[in-house]
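Student: I would like to learn how to read a structure like this one feature by feature. Could we begin with a single residue and work outward?

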Amino acid sequence: RLTGRDLLGLMDQLGLTRVRALGISSGGMTLLHAAVSLPERFESLVLIGATTQFPDEARAIMAQTTALDAIPPDVVS
């Protein structure tokens, strides 16, 4: 899983000081976390299907998930 801190580190490695970014679902949440930490690094964000709330149940599923195949079918549908 990529975190906001990971994203900022990647931007540093690529020499990107300020970006416009698009994130879908968990990618959008990653962007939100990075942008809250260092808003000056982001010119604009487009977030699709991102949430600002990540309940404990969802966190538990994500902690056990390393691939889409591992997500329980009732959660995917």
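**From one residue to the fold**

Tutor: Let us begin with R41, which has a relative accessibility of 12% and therefore counts as buried, since the cut-off for that word is under 20%. Please keep in mind throughout that this is a predicted model.

Student: Where is R41 found, and with which residues is R41 in contact once its neighbours within four places in sequence are left aside?

Tutor: R41 is found in the loop between α2 and β2. Leaving aside neighbours within four places in sequence, R41 is in contact with L8, M11, D12, L16, T17, R18 and V19.

Student: How is the protein chain laid out, and how many helices and strands are there?

Tutor: The protein chain has four helices and two strands, and reading along the sequence gives the pattern α-β-α-β-α-α. Of its 77 residues, 21% count as buried, and among contacts between residues at least 6 apart in sequence, 53% join residues at least 24 apart.

Student: How should I read the side chains along β1?

Tutor: The general idea is that in a regular strand the side chains alternate between the two faces of the sheet. In β1, V19, A21 and G23 point to one face and are buried, whereas R20, L22 and I24 point to the other face and are not buried.

Student: Which way do β1 and β2 run, parallel or antiparallel, and how many bridges join them?

Tutor: They run parallel, and six bridges join β1 to β2; within this pairing, L22 stands opposite V46 of β2. E43 also lies in strand β2, and its C-alpha atom is separated by 6.3 Å from that of R18, although these two residues are 25 apart along the chain. Not counting residues up to four places away in sequence, E43 touches R18, V19 and R20.

Student: What unit do β1, α2 and β2 make?

Tutor: Together, β1, α2 and β2 make a right-handed β-α-β unit. In the loop between β1 and α2 lies S25, which has a positive phi of about 55° although it is not a glycine; at 38% relative accessibility, S25 counts as partly exposed.

Student: How can I check the length of helix α2, and which of its residues are buried?

Tutor: For the length, multiply the rise per residue along the helix: at 1.5 Å a residue, the twelve residues of α2 (residues 26-37) should span 16 Å, and its end C-alpha atoms are 17 Å apart, which agrees. For burial, the general idea is that an α-helix has 3.6 residues a turn, so residues three or four places apart point the same way. In α2, the buried residues are G28, M29, T30, L31, A34 and A35, and what covers them includes α1 (4-13), β1 (19-24) and β2 (42-48).

Student: Which residues form the largest nonpolar core?

Tutor: The largest nonpolar core has nine residues, namely L7, L8, M11, V19, A21, L31, A34, A35 and F42, and α1, β1 and α2 each supply at least two residues of this core. F42 is a useful residue to follow here: leaving aside its neighbours within four places in sequence, F42 is in contact with L7, L8, M11, R18, V19, L31, A34 and A35.

Student: And what supplies the area that the protein chain exposes?

Tutor: The protein chain exposes about 5800 Å², and carbon and sulfur atoms supply 56% of that area.

Technical notes. Residues are numbered from 1 along each chain as its sequence is written. This is a predicted model: local features need pLDDT of at least 70, side-chain atom pairs count only at pLDDT 80 or more; totals for chains, interfaces and linings use all residues. Side-chain values use heavy atoms; hydrogens and water are left out. The expected span of a helix is 1.5 Å times one less than its number of residues. Buried means under 20% relative accessible area, exposed over 50%, partly exposed in between (1.4 Å probe, protein chains only). Contact means heavy atoms within 4.5 Å. A nonpolar core is a set of buried Ala, Val, Leu, Ile, Met, Phe, Trp, Tyr and Cys residues joined through side-chain atoms within 4.5 Å. Two strands pair if DSSP finds at least two bridges between them. A crossover is right-handed if, with the strands pointing away from the viewer, the path from the first strand over the helix to the second runs clockwise. Accessible areas come from the Shrake-Rupley method with a 1.4 Å probe; for residues, only the protein chains shown count as cover.
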